[in-house]
Every structure is written in structure tokens, then in C-alpha cells.
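Let's take a walk through the second chain of this model, one sheet and one helix pair at a time. Have the structure open as you read.

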Amino acid sequence: MRVLVTGASGLLGRTTAAHVRDAGHDVRTFQRRPSGVDGVHDVLGSLTERDDVDRAVRGVDAVVHLAAKVSLTGDPADFRRVNVDGTRTLLDAAARHGVTDVVHVSSPSVAHTGTAIVGRDASPADPQRARGEYARTKAEAELLALGADGPLRVVAVRPHLVWGPGDEQLVARIVERARAGRLPLLGHGAALIDTTYLDNAASALVAALHRLADDDGAVRGQAYVVTNGEPRTVAEMLAGICAAAGVPAPTRRVPAPVARTAGGAVEAAWARLPLRSADGEPPMTRFLAEQLSTAHWFDQRRTRTDLRWRPEVSLDEGLRRLAASYGADREQADASDGPRRGARTGRDGDAPRGSARR
Amino acid sequence: MTGATTGHADRLPPPTTAPAGLPPVDLPGLDAGWSRLVTVPETPLLGAHGRADEPHGVERTWHVLDTGPALAARGVTPVGTLLCVHGNPTWSYLWRDLLAATLAAADDAPGDAWRVVAVDQLDMGFSERTGTHRTLRRRVRDLADLTDTLGLDGPVVTVGHDWGGVVSLGWAVDHPDALAGVVLLNTAVHQPADRPIPLPLRLALGALGPATVVTPAFLRTTLALAHPPLPDDVKDAYRAPYGTAERRSGIGAFVADIPAGPDHPSAGELDRVADGVRGLDVPALVFWGPRDPVFGDPHLADLLSRLPQAQVHRFEGAGHLVAEDVDTAGAVLTWLADRQPADAGSVRGTGTGTANGTAPASRRPPLWRRLDDLADDGSTALVEMAPSTGDGVRTVTWRLLARRVRELAAGLHAAGVRRGDRVSLLVPPGADLTATLYACLRIGVVVVVADAGLGARGLTRAVRGAQPAVVVGERRGLVAARALGWPGRRVSTTTLPRATAAALGVELSLPDLVDLGAGAALPPEPAPDDVAAILFTSGSTGPAKGVAYTHEQLAAMRDALADQYGLGVGTGLVAGFAPFALLGPALGCRSVTPDMDVTAPRTLTARAVAAAVAAAPAALDGATAVFLSPAAVANVVATSDDLTDDDHRALARVGLLLSAGAPVGEGLLAAIGDLLPAAVPHTPYGMTEGLLLTDVTLEEIRAAGDGGAAGGVCVGRPAPAATVRISALDADGRATGPLAATPGVTGEIVVAAPHVKDHYDRLWLTDRESRRGTPDGDGGARADVDGDVAPGARWHRTGDVGRLDAEGRVWVEGRLAHVVVTADGPVTPVGPEQRAQSVPGVARAGVVGVGPRGTQQLVVVVETDPGARRPSLATPELTADVRAAVGRDAAAVLVVPDLPTDVRHNSKIDRARLARWAEGVLAGGRVGPP
């Protein structure tokens, strides 16, 4: 099968392109910069340019659509141009060029209205009530994509909080803040959250692609949340990531009046904290603060049954791989900088190395 | 009843007229297609109470909800009709869930479909406003006129709520050929003579009568009686037909028609219906919401006296609008389905306690027979180490005990207490309780025993629900009974000063009853299958439930104890655990009540036990048995340093130690075993519904080990007459498996024994569930059982989960309600808790699930040693250790200073509460104490 993976310059896109390739497919990628993935054909261009999109889509059987504007803040028009209009352009091109299958990569935030999610399955995307420009435009895009099921075969997959070695978004931000001693715990850090190890998210997308091709109609028009299925408290997840990176785990709490819910209190305090990073983007928005202070974990039964998929990498194994990757980075850094405070020893050193990307 | 006025119709505004109409189309839960208008010729009534005959040729238009057309559209022919009559001030909207449920059931099983016809009574709801004041007699006739027009001639089950219950019963009495059953919800046909009219009704009658017409106050008040509160759109739907004072005129007229005295125009008709109900021999179902300011438990008791065959469920926590508060619609369907396969005429009453098992050919001697046998024996039967009279040790010979029991029995009878009446005993263990208990049993009076450990609120609920005719108590108990407004005549254990007796409403004392009974004849003995006692559960798993035993079943309990532990004439019994202690005289044991506060078993000291043992055997060389609760065992061990050499010598005579009432740890059992060198420590497994199901000794516990990967608590092998089977859990954590003896399969523990409960009192649904899937359950459906059971045995689902092992031993793994249902299947809590407790630094652990059933996450909550000062997440190290020990993916490990436990024993972790707390914390909520 000839498969187009859009957005393969990002971490999940790259990893997914590699997984699709390893599954024996002929892979083409589409983004502005080279993907850096071996054994695939890069088509460079912009999702907002109709001609570029035509070029990318022509001749493929299936599309895995990851390209999106993901940042936490920005001009609402930019989000719309890429996430909504770009998706529409891609779907139009796919229909015109005889593509059969589209795996639309979405986000659980498209259905998140700010309240705790405790063991729920995917709810319908809700652009009106989704929080923030990213979630709003991704919600619209998912509705567009699922609406195109008919002429095309479409499934939407929503990986939740993807992390892994090489992650410049979640992991890097956490580690950077923690290293600077400026990562507080939100409330008690006791909210349970689901996360997804990078390779599990990628394998779920491949599973979705294969399930569409089975042509039994089981997954068409459906949206699936994908996670590791191992919810953990925020505090434990942050501590695990910090330990893997060899930085101190957060101990400082954002003060929260006892009578108020941890989430609400943290949100209020968060806005006043000096947490701006170098690029001027706040490391945490109200949306992310909510994400990290209220429970978000999902019912994975339908996902696993319908996609015939289970995560292969456990959280513990994922953290070992993360530690291995930081260990490799540190060895390079140590060679130039000498010993560094906070370097880890002990069992993390036993972790298998170099297995993050297959 | 006196003092209430009559003839309120005179004070009402002139009745209004208005045509019938249809409800708005968008009322929640109501399908507009169910509504129809029916025009009915009115049968004139002949004049009564000085009224003229009614005119001929009048027609009335009704609004009714009717599923007939919907069933016809499905091509379904119903097996019968549910004729539903609402009360005041509601309308047929009350029955919307029943309409929907019957239609859904018709889709599933078209052959067993029921049609529902739910009427709006005339002048009510969307039916015609007739401009007349309609009496009860008129309303009963109105309903018959309607069913004549509709052609409802058979089989009809009437369903009535509130005043509609009376109208529906009037129809039932008048249509014996068509009638197939009656269903009643919070209604009454008779005001119990000794009860004042409830205050709200008095207000309505006296002051609110006209007011209910012109203001929506009565309507608003009634709608506010729902628990939980009704959604606003449902309240609006109830108000929909009553928007104006004209539309509300029927409400006031209805209130005015309640006969508050014998002179009321409707009193005669009410009496006719009330008497006629006694003659109904059709199946009856009564649903009751106790939180009802108008219809109380006395009304329920009156109804049940008229419908002894009724199956009753009293929904604790529900109120007047019981159909809104709980799923009565589903329960009605269950009841109908139960009757379907069997012939409709056969009614198995659980309300009156018919044994369902095969009765043994030979009956056991009743409990009091031993007293008759020993009536001339001058040896000691009872010893009270510290009677509440404070007069030092009190001993009672068999001769005296037999005589007292005889006198009290005759005295109670002479005082008008009759076979089948209920007597609540608020008497602490000792000679008075024993004598009163056996006296009640002898004359067939049903003994109600509720443990003070339930607390004032739980006790009040229990006693109100049981509706005793008499309360026997010490002064303290009677003060509480007075303060808490308990029902029943009052009898004090001692003669009280006249003023005190008057203040407490005490009629008689036990000495008075002895005097009354001294020369009086005894009534005949009750039958073996009559209900003998109602024992209340501890309430540690929801509101306390009344558990009914017949005389035969109590005798079987006595025999089970005798067989299991070799108890009999010559045994001394030191009784720190009430339920077994009361059987001492029936066993022929000499019973010694140690010096202790029975409401606080943890106050029993080692020296008090030694003193009781010393008092026990004297003339006998038989062994002495000591029965204690785990809390008492703990305190005896804790105070053992105070024992003297004499005390130790006394304790060395103890041959049997029984720790009963809650699980006891091996360590504690071993520690008390050390104090009683000649005793074999035992602990039975049982519950209020079956006190002795299995037994295990300390030695056997040690031999059993830790249960391997599944874990659990080994409770030993079944008692001689008991059978234990397992109903396996399915993937959803429900106990759906057949009753099997396969080793290693985890499921609900299901037992059969001749000494298992007869039924739950006034809890038909609970009772039904406790027999589900057994030969005694499911409306008589056959159920396969692996192996035989003892003659006269009945089945009971314990609500515990566990398994049998290859040796035939029973392992308890927790409560069925506490099973965590993960995406990978069910997890029973005790095994993981035991493994978590094996982690150094963990003192005690509770395992619960958070999230929706089927995708729950396991959470371990631990008490640490040393203890934590406040709840928090466990450290990463502790989390890792606990997770590794538990051997399953636990989403979180939380630390608390104290796990919540049951009040009574401080040993059973309240996992339901713990789960709610963990769910809140892990959703990002407040981290308070659990």
C-alpha cells in the first residue's frame, strides 16, 4: 500500500512514518522540512497550498494525517488556516485523487470541556465547548474528516499526551522547568492522567490504517482515544519523567486552599507564576493547567477491541527508554562539560538503550 | 380521629367545569402517542346521605395514558392490563416509567406483554372538570364506568398510589372475576385507631382545604417530597394540568373527601373497601417509601394485616413519591414475570414467612422445650455477673427460669399480646432478656432484636420498619424509644415510679406481667413455620435489614451449634456474644453473662472473663465454652497482665473459645489461645442470615497457609448441616454462575442450611436477590445444584465473594459489592490487600476501584507504621513496593492516617466509602480524610 504521512517532521509524525514503513508499506511524507526518516520519500510543501497537497496526495492509497499547528498560543487565524482549512484541502485532494483510506490524527482535547474525565470513552468532538484555539480547530477538523467518510473510508484517532525520547513538547518542557527548580506540583498532584508512550501511539495509528483496509466497516466514521491504559497521578508521572531525565522531581506545591478543588486553585495561582520560557510562549496555559490538575483517563475497551491493538510498551519500559535516551545525551554533555549535578545513578543505568526508535 | 372536622366541601369554592384536554407534547418521559380521551356514560348513584339520586344520561370525558395502541402497532396481544390510578395531587404522569418499561419488555418478550391504562381521575390531571364534588363512592364507580367503556374484562392488575390506591382497591373489590393482582404504593384504606391523623393531613383538612384550590401550595409541597429532588422539568410536568385555580379545584375536593371521622360521607365507602380488601386472594405487591409524612409504617402494617399474602418492599430512604424515588416500574415487571410461569393463583408469600425448602418429616423440638424438661431442676441455669440492678452476682435456677418464662408468657397473653404480634426487646443480655425472649417465643410473639451498635438513627429506622406492637426495655431504652418516637406499647423491665412510667408511656412492667400470668393459662404453642424472630443486620453494608427466622429455623440453629461444638446439658457457656448466648438455655447450657457493657464489647477485661468462667461450672465437670466478639478478644488479650494465679487456674478450665461476629486475625486468636491453654480456639463464618456456616480452628488456619496467589481468609469447612457453593463471577464482576463446588473458582458464596434465614422482612426485592439462581429463587424456576443439601435447608446468597479449595475449605475474598471490575476482569479485594500488607511499613491496606465499572483502575490505600498525619500520595518507593507486592497494575497508592471501618467491630474496611474518597482525590478533588 502507498501511504502518505503528513506532518512527519514532528516527533509522532516521524515515528509513525517509520512504523508504517516497517509494516511493509511504501511511505511518502509531506511537510515543510525533511522528515529525516530513512527509507521514505519526502514531499516538501505546505498544507495550506492546494498545489503542494495535490502533489503529495496524487498516487497514494491511504493518508495518515498528522500535520497540524500544535502550539499552545498563537493567532487564531493561523490555527484555522492549518488545522481546519488544511484538513479540508487534504480531504478534497484525497477524494479527487482516488485515495481510499484516511486516518485522521486528532486529540482528546476536541471533546474536553474542562471537567474531569474519569474512565470515559471518546465523546463526540465539540468545537463550541473545546478549550483553546488548538482544541477548537482540531475539533472542527475531526468533524470534517469523519464527515468525509462515505466516498473515503475515514477513522479518527486521538492519542492522549504522547511522550517519549526526543519529545520537544511535553517532556522537554517538564525537564527544563524541573532543572531550573521551577516546576511546581499542581495542588496535590493526585489527579489521575492517562498518557501514551510514543511508539504505542504510532502503532495504534498503523492498526487504525490496517483496520480501515480490512473493509469490514467496523471503525469507519469512528473516533478512538488511544492511551497506554495505565493512568497515573500527575505527581507520579512528573516524578517518573524527571527521574528519567536525571533532574529533581518537583516538591514545591502551588498553594491550594483546602476547601477548593486542587484544579481550580492551581489554575488561579498558575497565572501569577513567573514561568515564561525563552521563546515567549507560556509553558503552561489555562488549558494545560486544567489538563494537569484534573483527572483525564479513558475507557480503552472499545479502542482495543475495534483497532485490535494493545500498547506494546508499558509505562515502566517507556520511562526506561526515556532514561536511556537522556543518559546518552548526558554522556555527550559530560564529555564536554564535566560532571553535572543531578546526574542519576542506580537502576536507571541498567535500562536498555537506543531502543526508542525502531 | 376525634376533633377532625367534616364537610369541607361546604367551605370549598363552587366547583368549576372545563372540558378534558391533552397534555403538552414535550413532557419529559411522556410519549404523546399514549394519550387518549375517552367519553364515558356515567352510571347514576342512588341517593345517600340525604342526597338525591344522580341524574341519568350524563357523560364524562377522561384523559388516559394507554399503551394499547402501541402494542397493537407492534402486533402484540397483551396478557393483561395494569390499571393505574394516581393519587392527589398528581396525575397519570406518575406512571410514565411503567408505560415505557412495559413497552420495552413487550419488545423483548412479546408473549408476556402487559398493557398499561393509567387514568387521570375526573376533576384531576387533564380529565374533565365536572363541576361536582365527587365522593369516594362516586370515584370507585367512575373507574368502573371507564373500564366498562374500554372493555377491560380480564386479567387486570390494579396499581394505585396515595388516595388512588383506595380507588383502585375499590375497583378490585368490585371486579373479582377480572382481578389478577393488586399493586399498592404508599396508600392506606384505614386510619389505625390509635394513631392521630398525620399533621400534614390535618393541616390540609383543617386549614389548607380551600387553600389548595386557590394556591399551588399543596402541589408544591407534594412535589418537594421526592428523594432525591425532582428535576425542574419533571416538576413542571406534574404542574402542567393544574395551572389555574379552576384547574386545581379537584385537588381541594379530593382532600375534602378524605374521611376524617365516621360521619364523613365517604367513611362508609372507605370501610366497605377496607373490609373487602381482606377478601382479596390475588397476588399483592406493596412498595413503600418510609419518608412519607402522610402514610407511615402504621398504615403499612394495617395494609399487610389485610393482605397477608402481599410481597412488600420498603425502600429505606424513599418517600411518598416512591415511584419517582426508586425504580418501581422495573420491580413491577419483575413481579409480573415471576408470576408468569407458575399458575396465577398460587401465591408464595414472603411477607408472612412461608418456608420454601422441603420441610423435614420430623420437626425439631422448639427452643422452649428444654425449659419444660428442666422445670423441676434446682441447678443453676443463668448467672449474671453484674446485673444492672447492681445487687452483685445474680443466679437463676432452671426451675425459676422455667416458671418465669411461663408466667411472662401467660402475662403477655393476658395483656393482649397475641401470636404474630411483634415485640421489640431493648433489654441488655441477662436473665430478664432471656426470660422475656423465651416467653415471647412460647406464645408465638415475634421477637425483634436490633443491636444497640446500630446507633440511635439505625435503631430507629429498624424499629419503625419492624412496627412492633410492644417495646420491652430498661429505663434507658424506653427513654430513647420515647425521644425517638418509636411505635408500640411500652413494658419496662423493672417497676418504675408512677410519674416516670407515665412520662415514658409505660403501661406495664415485667413484674406486672409475672403477676398477671401467675394463675393464667398459656395459649397454644405456635406452629414450627410461624415467624419467631426478626434479627437486624449490623448495617455495615447499607441500612440494617430485618432477617426473619421461624421457630423451626431457630431450633435448627440451636442444633447446628450443638453439633458443631458439642454444646449441651453440662456445658458452661460464658457469653460475650449475644446471638449465640441467647441459645444457651435452649441447649441446656449454664449461661454466664460476664461483667461488661454489652454495647461496647471492647470493655470486656480478662479478669471479668476469668470471674465468669469461675462461676460457670461448679457442680458440673463438663467443659466450659467462651463466646466472644473479636473486639472483646482483643481487650481480653490487652488486659491479660492483670490476671491473678486464681484467674489463670479458672481460665485453664476453658475447653472451647469461639470468636464470632467478624473476622479475627490469626495473631489475636493465637494470643487468646495462650491465655486458655486447654481451649481450642475456633472462629465461625456466618452472618445474621445464617449464624454458623463454616468453622475453622487456629490450627486449621495455620495449616491452610496464605491461600496462594488468590489470597483470601480461610474460614474452614462447612458446618455439618450447611452446604457451600460458589456462583462464579463473570467478566463484568456479576455472580451469574451456577451453584458449583469446583475448587479454585472465585464467585459469590452461596449457602444452604436448615438454620439459614427464612426471609428478609418487608424487603421483597432484597429477598428475591438473595435466592436468585438457587432452587428457592426466580419465581420457582429450576436451578441446578452440584450435590445434595440437608433436609429443610434453604439457599442464601451471602453477598461475600470467595472460593472453595481442593480440601473443601472456604476462602473469603471480600464483598461482592466491593469487587473491582477492571478492563481485564474482576479483582476481589482481600488478596491484594493481604499482599500490600506484606510490604514493610504497611500496617493495613484497602483495595478499591475508581472509575466506571468494567474499566475501573485499582487503587491501594494504606495505613502506615508509623502512621501518617494526613492523607497523601505514597512516596515513589512505597508506591513501587506496594505495586510489586500486589502484582497487578495499581493506578495509585495513597496513604491515610486511618482507613474507614465499620462502627461495630472496627475491623471491616468500609470499602464503599473508601472508594468514593479515592475517586474524589484522584479526580483532582479535595484531599480530606476518607
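## Strand 4 and its partners

Strand 4 of chain B runs parallel to strand 5 (residues 114-119) of chain B, and 6 bridges link the two. Helices and strands here are DSSP runs numbered from the N terminus (H or I with at least four residues for a helix, E with at least two for a strand), and two strands pair if DSSP finds at least two bridges between them. This is a predicted model, in which local features need pLDDT of at least 70, side-chain atom pairs count only at pLDDT 80 or more, and totals for chains, interfaces and linings use all residues. Residues are numbered from 1 along each chain as its sequence is written, while chains are lettered from A and ligands numbered from 1 in the order in which they are written.

Within that pairing, B:Cys84 sits opposite B:Ala118 of strand 5 of chain B. To get from strand 4 to strand 5 of chain B, the chain goes through helix 2 (residues 96-108) of chain B, a β-α-β crossover that is right-handed. That label means that, with the strands pointing away from the viewer, the path from the first strand over the helix to the second runs clockwise.

Strand 4 of chain B also pairs with strand 7 (residues 156-161) of chain B, again in the parallel sense, over 5 bridges. There, B:Leu82 has B:Val157 as its bridge partner. So how enclosed is strand 4 (residues 80-85) of chain B by the rest of the structure? Largely, because 5 of its 6 residues are buried. A residue counts as buried if 20 or more other C-beta atoms lie within 10 Å of its own, as exposed if 12 or fewer do, and as partly exposed in between, with C-beta atoms placed from the backbone.

## The sheet around strand 13

Now for an open sheet of 8 strands in chain B, with mixed pairing and the order 17-16-15-13-14-18-19-30. Its edge strands are strand 17 (506-509) and strand 30 (759-760) of chain B, each pairing on one side only.

Strand 13 (residues 422-426) of chain B is mostly covered, with 5 of its 5 residues buried. B:Arg422, B:Ser424 and B:Leu426 point one way from strand 13 of chain B, and B:Val423 and B:Leu425 point the other way. Some parallel pairings in this sheet are listed below.

| Strands of chain B | Bridges | Facing residues |
|---|---|---|
| 13 and 14 (residues 446-449) | 3 bridges | B:Val423 and B:Val447 |
| 13 and 15 (residues 470-473) | 4 bridges | B:Leu425 and B:Val472 |
| 15 and 16 (residues 489-492) | 4 bridges | B:Val472 and B:Val491 |

Helix 15 of chain B packs on the sheet and touches strand 13, strand 14, strand 15 and strand 18 (531-536) of chain B. Its direction makes about 170 degrees with that of strand 13 of chain B. Angles like this run from 0 to 180 degrees between N-to-C directions, and axes are lines fitted to C-alpha atoms, for helices over the stretch in contact.

## A helix pair

Two packed helices are described by the angle between their axes and the distance between the axes. Helix 4 (residues 163-174) and helix 9 (residues 267-278) of chain B pack at about 60 degrees, with their axes 9 Å apart. On the helix 4 side, B:Val166, B:Leu169, B:Gly170 and B:Val173 meet B:Leu270, B:Val273, B:Gly276 and B:Val277 of helix 9 of chain B. Contact here means C-beta atoms, placed from the backbone, within 7 Å. By class, this contact has 6 nonpolar, 2 polar and no charged residues. For the classes, Ala, Val, Leu, Ile, Met, Phe, Trp, Tyr, Cys and Pro are nonpolar, Asp, Glu, Lys and Arg are charged, and the others, Gly among them, are polar.

## One residue, then the whole chain

B:Ala331 belongs to helix 12 (residues 328-339) of chain B. Is B:Ala331 buried or exposed? It's buried, because 20 other C-beta atoms lie within 10 Å. Leaving aside neighbours within four places in sequence, B:Ala331 is in contact with B:Phe287, B:His313 and B:Leu765. B:Ala331 and B:Trp764 are 433 residues apart in sequence, yet 9.7 Å apart in space, C-alpha to C-alpha.

Zooming out, chain B has 31 helices and 38 strands, and 54% of its 930 residues count as buried. As for the neighbouring chain, 18 residues of chain B are in contact with 26 residues of chain A.

Conventions:
Contact = placed C-beta atoms within 7 Å.
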